[in-house]
2 protein chains.
Amino acid sequence: MIKRLTVIGVGLIGGSLALALRRAGEVGHVTGVGRSLANLELAEQRGIIDAYTTNAAEAVTQADMVVIAVSVGASGEIFNTVRSALPASAVITDVGSAKGSVVAAARTALGDRFPRFVAGHPIAGTEHSGAGAAFVDLYVDHKVVLTPEPDTDQDALAQVGAMWTAVGADVISMPVDAHDRALAATSHLPHLLAFNLVDMLAQHEDGESIFDFAAGGFRDFTRIASSSPQMWTEIALANRDAVLASGRDYAERFEALLLALERGDSEALLAIFESARHTRNRNIVQVRKDGE
Amino acid sequence: MIKRLTVIGVGLIGGSLALALRRAGEVGHVTGVGRSLANLELAEQRGIIDAYTTNAAEAVTQADMVVIAVSVGASGEIFNTVRSALPASAVITDVGSAKGSVVAAARTALGDRFPRFVAGHPIAGTEHSGAGAAFVDLYVDHKVVLTPEPDTDQDALAQVGAMWTAVGADVISMPVDAHDRALAATSHLPHLLAFNLVDMLAQHEDGESIFDFAAGGFRDFTRIASSSPQMWTEIALANRDAVLASGRDYAERFEALLLALERGDSEALLAIFESARHTRNRNIVQVRKDGE
């Protein structure tokens, strides 16, 4: 049970967490922090938060738990802003999709409070954003990865883990590097690939009538290209080395695939396609939870 | 109204067409043709067809309309097989995702019967296949592209158009080249991109545990990588020139994107992502019809 929770950034991720903690009876008072008053008012109307302010430092002075749910590019500034206002007992965590740069920023900004910071990443989301997109079931049966450092307080780690478990998530811990490499391959790279395809089609010689030929497969393939451009620019830059490594690997393999196609090598194509289908069918659960 | 319909290849595409024509009261007797007796029996049990045979030539002797719904790599052989058995009045059409190679094969094989052939492509489907995957609403509000040649009979074109209109599709006509270019960009290339990603992850240094980090975005992005490897090998080869052109364009743009990431050029990344999001949101209807 978290008596006083402060959520900095009341969007899809932070808002859904607050909603789910309320339903679970695991939170007392929730303070929301953001830059957009319209979004904060919407969050209050939807019962996501009890009070709000645009002043992050003021909002954390009474907090037991502080969840930073802003974009990865903005979290460094938040650490600086809240550092001197944080109670010694407060636990602080984040939700960023890239962990190396966030942990480094937190270590620098939080100083001797760094052990109370637990870097986290819920593997959940949709292409929508803002408090209006928040929903109570977002985390049920989704993974939340925590990437504690050697000097992270075990008590803080346990509290953050318990918070996510309370909203139905499956909590795991792993090293920062392993997280960033895995997310580059399964999330950051696919976003770049989808953005790149739709941008290419936007400039197609046949004009936007090309989209008349887009069926369900295309719609699903490019759904992530409707995600926030600002957020994804920040994530790509925050996890640059891992995303570049993954992107280069992809590009080399794609070139090999095109060469196989060029020489009419049906066996090589079939081998790639069969490996992919077999692997996906064995590993990806065929259930939708996020509506479109 | 089609008195006697022969569907060669009673899978998702051919089976759904027969189901929908029945519901519309637009077909009398349906003969199914295929190589798998198990699939044909299933199609008969499901009420998709009235009778079946594995002999394509025999199946067309009484037909008013012949729909070839096999993979693009197999259609050439079918044209050869049915040529001499086709009644002079019969109309013949296909459903292949690449039209240039199919039209060329039909012209060679059908000879003086070629004017009764209308090349077609319903822009609809799921990653599933076989008679068990067929469903009556597959074509409702989906585009069907017909690519008639200068010597195609206007009467045959009208009959094929009427058949697709009867099952709820939106029928358009366009030149073969334009169709193949558009489909390379919106369908064939995305399939290659998705297969390539999942194959890459199948060989990831972290092993298949990498898929533990796959959330809804990844699932949708890679759904098409669960499509038939054999079918997509045939489609890629059948539309090789257009797919290669589209793939090369994609690879060049992706390299530019990676270079922007490498130099930390947030403006360049943001421009690509914003173009993509804006274009997708303007052009892609956010409705799912095909279940997963």
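This section describes the arrangement of two chains, their shared contact, and selected sheets and helices in a predicted model.

The relation between the two chains is considered at the outset. Chain B is superposed on chain A by a rotation of 180° with 0.0 Å of shift along the axis, and the RMSD of this superposition is 0.0 Å. The two copies are thus related as by a two-fold rotation axis. Among the residues of chain B, the one whose C-alpha comes closest to the rotation axis is F221(B), at 2.0 Å. Both copies use the same surface, since 99% of the contact residues of chain B recur in chain A.

The contact between the chains involves 85 residues from chain B and 84 residues from chain A. On the side of chain B that touches chain A, at least two residues are supplied by each of the helices α7 (176-202), α8 (216-221), α9 (229-238), α10 (240-262) and α11 (266-283) of chain B. Helix α7(B) provides the largest share of this side, with 18 residues. By residue class, the side of chain B that touches chain A comprises 42 nonpolar, 21 polar and 22 charged residues.

Helix α9 also merits attention in chain A. Eight of the ten residues of α9(A), which spans residues 229-238, are buried, so this helix is largely enclosed by the rest of the structure. The buried residues in α9(A) are P229(A), M231(A), W232(A), T233(A), E234(A), I235(A), A236(A) and A238(A). Their cover includes elements of both chains: α5 (100-110), α7 (176-202) and α10 (240-262) of chain A, together with α10 and α11 of chain B.

The strands are described next. In chain B, six strands form an open sheet with parallel pairing, in the order β3-β2-β1-β4-β5-β6. The edges of this sheet are occupied by β3 (51-53) and β6 (117-118) of chain B; each has a single partner strand, so one side of each is left without a neighbour in the sheet. Within the sheet, β1 (residues 2-8) and β2 (residues 27-33) of chain B pair in the parallel sense over six bridges, and I8(B) stands opposite V33(B) in β2(B).

In chain A, strand β1 (residues 2-8) has six of its seven residues buried, so the strand is largely enclosed by the rest of the structure. Six bridges join β1(A) to the parallel strand β2(A), residues 27-33, where V33(A) stands opposite I8(A). Between these strands the chain passes through helix α1(A), residues 12-23, in a right-handed β-α-β crossover. Strand β1(A) also pairs in the parallel sense with β4(A), residues 65-68, over four bridges; in β4(A), V67(A) is the bridge partner of V7(A).

A further open sheet in chain A contains three strands in the order β7-β8-β9, with mixed pairing. Its edge strands are β7 (120-122) and β9 (170-173) of chain A, each with a single partner strand, so one side of each is left without a neighbour in the sheet. On average, neighbouring strands of this sheet are turned by 20° against each other, direction ignored. Strands β7(A) and β8(A), the latter covering residues 143-146, run antiparallel and are joined by three bridges. In this pairing, H121(A) has V145(A) in β8(A) as its bridge partner.

Notes:
Residues numbered from 1 in each chain as written. Chains lettered and ligands numbered in written order. Predicted model: local features only at pLDDT ≥ 70, side-chain atom pairs only at ≥ 80, totals over all residues. Least-squares fit on C-alpha atoms with pLDDT ≥ 70 in both. Contact = placed C-beta atoms within 7 Å. Pairing = 2+ DSSP bridges. Axes fitted to C-alpha atoms, helices over the stretch in contact; angles between N-to-C directions. Nonpolar A, V, L, I, M, F, W, Y, C, P; charged D, E, K, R; others polar. Buried ≥ 20, exposed ≤ 12 C-beta atoms within 10 Å, placed from the backbone. Right-handed = clockwise from strand over helix to strand, strands pointing away.
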